[in-house]
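Here are some exercises to work through with the structure open beside you. Try each task yourself before you read its solution.

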Amino acid sequence: MDARVAEIKERFDIERTTITTTEYGRLTSRIGKLEVKAKKAQGETKREIVDKIIELKKERRKYPCRNDSDKNIAYIRYADDFLIAVKGNREDCAAIKNELTEYLRDELKLTLSAEKTLITHSAEKVRFLGYDISVRRSQERRTDSIGRKTLWLNGKIELAVPLEKIERFMFSKGVVVQTQDGQLRYMHRKGWLYLPDYEILERYNAEIRGILNYYQLAANYNKLSYFCYLMEYSCLATLAGKYSTSIGKIRRKYARGKEWTLNYKTTRGATREKRIVKLSDCRKTCECVDELPANRHIRPIKNSIRERLLAGKCELCGTAGNELYEVHHVKNLKSLTGNTIWEQVMLARRRKTLIVCDECHTNIHAS
């Protein structure tokens, strides 16, 4: 596929003959000559020349500056998802699409999805790897470093968060429901009511960080603040549902100034605070990672007990290389209270078995 697109690009690309269009260049030349005359003129003559320059500059804005006589292709692929940007007309795009369709069908025995393989104008948004991609058409002007008025956004690539996709994510996770007037309202997550408080908060933070960190390149990144708000209050509603109380009482219970935080203990006995992830924590950085309670997120590559034993790693303390590992087993998860670390690990994994070293197994039965 990559090699075939490279062949098409080699045939298709045409270098630009001139940089500017004929009309734009002609008016620019006239303006330049009048500006030279304006510097030498005085009085009424100078004012007439300046008025003429202003008039010509207004007329010049009606014409495109760059000449579009060139053609080229830009291609990017991730696994089986690809995007081809074509500088040309729609007929060129259709010809490239037909050639690739025939090549994939005849040579690689693959079929392009008619629903997903579309020809889209660059001003419209196209979905690629979770982003909405388009080319800006903006008339906003800004003065550059040498005093020129430029269309600083026009023709630039824009990456945007598909907000409807974020809404679908929250609906699928049970974070929100839609009210009769079409508004989104946060709700608690029933499946998480049995978890410890910090585990609930940690799971919400993992989902928030995942979304915020992935969409850091988006131009409309700040619109995710509403997503953060709904996730935060869904977390509060889940904690309130766990204790059969109100969100306001939960906030007051965990209040730390204007924010609310939970305390948890690490395996070394140190007390740490955990708070909900905010938009400001993730903006333009990828370092918003909480200090997590140790070893509750070590998951085996395979789920079978045999392969978990062969992994040679304790799923409680994380040590590796011991001669003996044992399987700790409970009758059912409902019998666990979550008061000890090993119970919390089993509840988090939703498994009745735990691969542990001999020392941890002895401590489990001694607790």
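**Exercise 1. In this predicted model, find the side chain that Glu 315 joins through a polar contact of 2.9 Å, and decide whether Glu 315 is buried or exposed.**

Solution.
- Step 1: Locate the residue. Glu 315 sits in the loop that runs between helix 10 (305-310) and strand 13 (325-329).
- Step 2: Look for its partner. The side chain of Glu 315 is joined to that of Arg 308 by the polar contact of 2.9 Å.
- Step 3: Check the accessibility. Glu 315 has a relative accessible area of 5%. Buried means under 20%, so Glu 315 counts as buried.

**Exercise 2. Which parts of the chain does the salt bridge between Glu 35 and Lys 57 tie together?**

Solution.
- Step 1: Find the pair. The closest N and O atoms of Glu 35 and Lys 57 are 3.9 Å apart, and a salt bridge needs such atoms within 4 Å.
- Step 2: Place each residue. Glu 35 belongs to helix 2 (residues 22-40) and Lys 57 to helix 3 (residues 43-60), so the salt bridge ties together parts that are 22 residues apart in sequence.
- Step 3: Add the surroundings. Glu 35 is partly exposed at 34% relative accessibility, and Lys 57 is partly exposed at 31%.

**Exercise 3. Where do Glu 199 and Arg 203 lie, and are they buried or exposed?**

Solution.
- Step 1: Note the link. A salt bridge of 2.9 Å, N to O, joins the side chains of Glu 199 and Arg 203.
- Step 2: Count along the chain. Both residues are in helix 6 (residues 197-214), and the four residues of separation make about one turn of the helix.
- Step 3: Compare with the cut-off for buried, under 20%. Glu 199 has 3% relative accessible area and is buried; Arg 203, at 15%, is buried too.

**Exercise 4. Which helices does the salt bridge between Arg 251 and Glu 232 tie together?**

Solution.
- Step 1: Find the side chains. Arg 251 and Glu 232 meet in a salt bridge of 3.5 Å, N to O.
- Step 2: Assign the helices. Arg 251 lies in helix 8 (residues 247-253) and Glu 232 in helix 7 (residues 225-243), so the bridge ties together parts 19 residues apart in sequence.
- Step 3: Look at each end. Arg 251 counts as partly exposed at 24% relative accessibility, whereas Glu 232 counts as buried at 8%.
- Step 4: Widen the view. The structure holds 22 salt bridges, and Arg 4, Glu 7, Arg 11 and Glu 99 are linked in a network of them.

**Exercise 5. Which helix gives the largest share of the largest nonpolar core?**

Solution.
- Step 1: Begin with the core itself. The largest nonpolar core has 40 residues, and Leu 212, Leu 224, Phe 227 and Trp 260 have the most contacts inside it.
- Step 2: Look at the contributors. Among the elements giving two or more residues to this core are strand 4 (131-135), helix 5 (163-173), helix 6, helix 7 and strand 11 (259-265).
- Step 3: Pick out the main one. Helix 7 provides the largest share of this core, 10 residues.
- Step 4: Zoom in on Phe 227. Leaving aside residues up to four places away in sequence, Phe 227 touches Ile 166, Phe 169, Met 170, Glu 207, Ile 208 and Ile 211.
- Step 5: Finish with the other core. A second, separate core has 15 residues, including Leu 316, Val 345, Val 356 and Ile 364.

**Exercise 6. What is the order of the strands in the open sheet of three strands, and which strands stand at its edges?**

Solution.
- Step 1: Take one pair. Strand 10 (residues 255-256) and strand 11 are antiparallel and share two bridges; Ala 255 stands opposite Trp 260, and Arg 256 has Glu 259 as its bridge partner.
- Step 2: View the turn. Two residues separate these strands in a hairpin, and Gly 257 in the turn has a positive phi of about 70 degrees.
- Step 3: Take the other pair. Strand 11 and strand 12 (residues 271-275) run antiparallel, joined by five bridges, with Leu 262 opposite Lys 274.
- Step 4: View that turn as well. The hairpin of strand 11 and strand 12 has five residues between the strands, and Gly 269 in the turn has a positive phi of about 90 degrees.
- Step 5: Put the pairs together. The order is 10-11-12, with antiparallel pairing. Strand 10 and strand 12 each have a single partner strand, so they stand at the edges with one side left without a neighbour in the sheet.
- Step 6: See what packs on the sheet. Helix 6 touches strand 11 and strand 12, and its direction makes about 45 degrees with that of strand 12.

Note on methods
Residues numbered from 1 in each chain as written. Predicted model: local features only at pLDDT ≥ 70, side-chain atom pairs only at ≥ 80, totals over all residues. Heavy atoms only, no water. Buried < 20%, exposed > 50% of the residue type's maximum accessible area, 1.4 Å probe, protein only. Core = buried A, V, L, I, M, F, W, Y, C linked by side-chain atoms within 4.5 Å. Contact = heavy atoms within 4.5 Å. Pairing = 2+ DSSP bridges. Polar contact = N/O pair within 3.5 Å; in protein donor to acceptor, adjacent residues only side chain to side chain. Axes fitted to C-alpha atoms, helices over the stretch in contact; angles between N-to-C directions.
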